[in-house]
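Hi everyone, thanks for making time for this. I'd like to walk you through one model, so please have the viewer open and follow along with me.

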Amino acid sequence: MKQFGFLGLGIMGAAMARNLVRAGFPVTVWNRTPDKCRELVEAGAVRGTSPAAVVAASDITFAMLADPAAAREVCFGPEGALAGMAAGRGYVDFSTVDAETSREIEAAITSRGGRFLEAPVSGSRKPAEDGTLIILAAGDRSLYDEALPCLEKLGKKILHLGPVGNGARMKIVVNMIMGGMMAAFCEGLALGAQAELGLAEILDVLDSGALANPMFRLKGAGIAAGNYAPAFPLKHMQKDLRLAIDLGDRLDQPLSCAAAVNERFKEAKQRGLGDEDFSALFKAVR
Ligand SMILES: NC(=O)c1ccc[n+]([C@@H]2O[C@H](COP(=O)([O-])OP(=O)(O)OC[C@H]3O[C@@H](n4cnc5c(N)ncnc54)[C@H](OP(=O)(O)O)[C@@H]3O)[C@@H](O)[C@H]2O)c1
């Protein structure tokens with residue numbers, strides 16, 4: 001039976017690894033903060049001592065890490081994934097990173113005879129728990145085919161977008177749009193509050209017409225309840241806007257709206273809201 005590894009048990013990684021274990025796949029897990037492995041081990045996973053050890057014990061290793069720096073650290077660092085890589089093994093990185101980071105990891109993995117797939121995901125804590133993510137894979141086709149039985153337990157829509165870089169870029173485009181929507185939403189709610197309109201009424205009007213969407217519905221309810229427990233941490237939204245602006249720079253694409261939104265999220269981070277949900281932007285604009 002094929003063996004699987006999972007590196008990074010944050011909000012998303014823990015939920016995704018749990019779904020693999022529940023589906024009956026043998027999974028070895030590792031997390032920088034070891035405590036987060038406990039629940040997975042209780043659910044049936046094996047604990048790995050390092051990324052290298054996990055990769056060496058697995059046919060396919062999945063990673064779900066915070067940002068480009070974390071993805072690089074776990075791959076290239078001491079006892080990193082690369083040290084355990086060997087011919088035929090697979091490495092699937094779900095982290096949201098820039099295309100350049102993804103390609104560097106691909107080059108290193110393939111130089112050891114391994115295969116690489118980037119697979120950033122769209123969807124937050126609840127879709128990760130429910131196995132209904134949208135998976136934006138790109139890279140080695142044979143690894144995609146081999147990983148598909150696992151990916152099908154994690155996502156409701158699984159795409160193969162071509163060469164490595166396309167998944168990263170698709171994810172960055174989607175999240176740049178999402179960040180802009182959140183900023184417009186929060187400013188609109190703040191303006192409404194200043195104008196002495198009821199929050200519930202504004203949300204109801206939005207939800208009744210062409211602007212209705214699941215994100216406004218979900219995050220609007222959270223804002224109304226003052227609940228900013230992180231499903232998607234604000235610091236990661238700001239990271240994605242930074243990646244989008246960098247991509248815009250590289251491609252000479254003006255992104256004046258995203259640049260302004262990025263400043264808003266930076267201010268919110270500076271005010272200590274980085275670990276709260278990205279809807280906590282409301283507290284910074286109000
Ligand atoms: N949450 C969402 O709604 C969502 C949706 C789609 C995509 N994403 C993307 O998915 C990725 C993970 O998001 P998340 O919400 O699960 O984040 P998270 O809860 O902050 O988890 C981040 C993970 O990265 C690890 N990490 C951070 N820096 C590290 C380093 N230098 N070395 C080793 N491990 C490191 C953390 O380990 P520790 O536990 O030790 O800190 C943790 O396991 C991000 O790229 C994010 O943009 C998130």
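I'll start with the domains, move on to the ligand, and then visit a few individual residues.

One thing before we begin: what you see is a predicted model. So please hear every distance and area from me as computed from that prediction.

Let's take the overall layout. The domain assignment splits the chain into domain 1, residues 4-163, and domain 2, residues 169-285. Between them, 17 residues of domain 1 and 14 residues of domain 2 make the contact. If you take the C-alpha centres of domain 1 and domain 2, they are 28 Å apart.

Now for the ligand. Where does it sit relative to the two domains? Domain 1 and domain 2 each contribute residues to the shell around the ligand, so the ligand lies between them.

That shell has 25 residues, and the ones that come nearest are N31, T33, K36, S124 and K239. By character, the shell residues are twelve nonpolar, eight polar and five charged. If you colour by secondary structure, you can pick out helix 1 (11-22), helix 4 (68-76) and helix 12 (234-251), each giving the shell at least two residues. Which helix gives the most? That is helix 4, with three residues.

I know this group likes distances, so here are three to oxygen atoms of the ligand. A polar side-chain atom of T33 is 2.5 Å from a ligand oxygen. For H236, an N or O atom of the side chain is 2.9 Å from an oxygen of the ligand. With L9, a polar backbone atom lies 3.3 Å from a ligand oxygen. And how much of the ligand does the protein bury? On its own the ligand exposes 900 Å², and 89% of that is buried by the protein.

Let's stay with helix 12 for a moment, because I'd like you to click on D240, which is found there. Is D240 buried or exposed? Its relative accessibility is 0%, so D240 counts as buried. This charged side chain has partners, though. The D240 side chain makes a polar contact with the side chain of N175 at 2.6 Å. It also makes one with the side chain of K239, at 2.9 Å, and K239 is one of the residues that come nearest to the ligand. Setting aside neighbours within four places in sequence, D240 is in contact with T96, I172, N175 and F232.

Next, three buried residues. M16 is in helix 1, and with a relative accessible area of 0% it is buried. Beyond four places in sequence, M16 touches F6, M64, F94, V121, A128, L133 and L154. Look at L154 in that list: it is 138 residues away from M16 along the chain, yet their C-alpha atoms are separated by 6.2 Å.

I60 is in strand 4, residues 60-63, and it is buried too, with a relative accessible area of 0%. Again leaving out residues up to four places away, I60 touches Q3, F4, G5, G90, V92, L143, E146 and A147.

The third is S122, in strand 7, residues 121-122. What does 16% relative accessibility make it, buried or exposed? The cut-off for buried is under 20%, so S122 counts as buried. Outside its sequence neighbours within four places, S122 is in contact with L133, I134, K171 and V174.

Finally, two backbone angles for anyone who checks Ramachandran plots. As background, most residues other than glycine have a negative phi. E196 has a phi near 65°, which is positive, and it is not a glycine. You'll find E196 in the loop between helix 9 (166-194) and helix 10 (199-208), and it is exposed, with a relative accessible area of 74%. D252 also has a positive phi, about 60°, without being a glycine. D252 lies in the loop between helix 12 and helix 13 (256-273), and at 72% relative accessibility it counts as exposed.

To come back to the main picture in this predicted model: the ligand lies between domain 1 and domain 2, with 89% of its 900 Å² buried by the protein. Thanks for listening, and I'm happy to take questions.

Conventions
Residues numbered from 1 in each chain as written. Predicted model: local features only at pLDDT ≥ 70, side-chain atom pairs only at ≥ 80, totals over all residues. Heavy atoms only, no water. Near = heavy atom within 4 Å. Polar contact = N/O pair within 3.5 Å; in protein donor to acceptor, adjacent residues only side chain to side chain. Areas by Shrake-Rupley, 256 points an atom, 1.4 Å probe, with all protein chains shown as cover. Helix = DSSP H or I, 4+ residues; strand = E, 2+ residues; numbered from the N terminus. Nonpolar A, V, L, I, M, F, W, Y, C, P; charged D, E, K, R; others polar. Domains from an automatic or database assignment. Buried < 20%, exposed > 50% of the residue type's maximum accessible area, 1.4 Å probe, protein only. Contact = heavy atoms within 4.5 Å.
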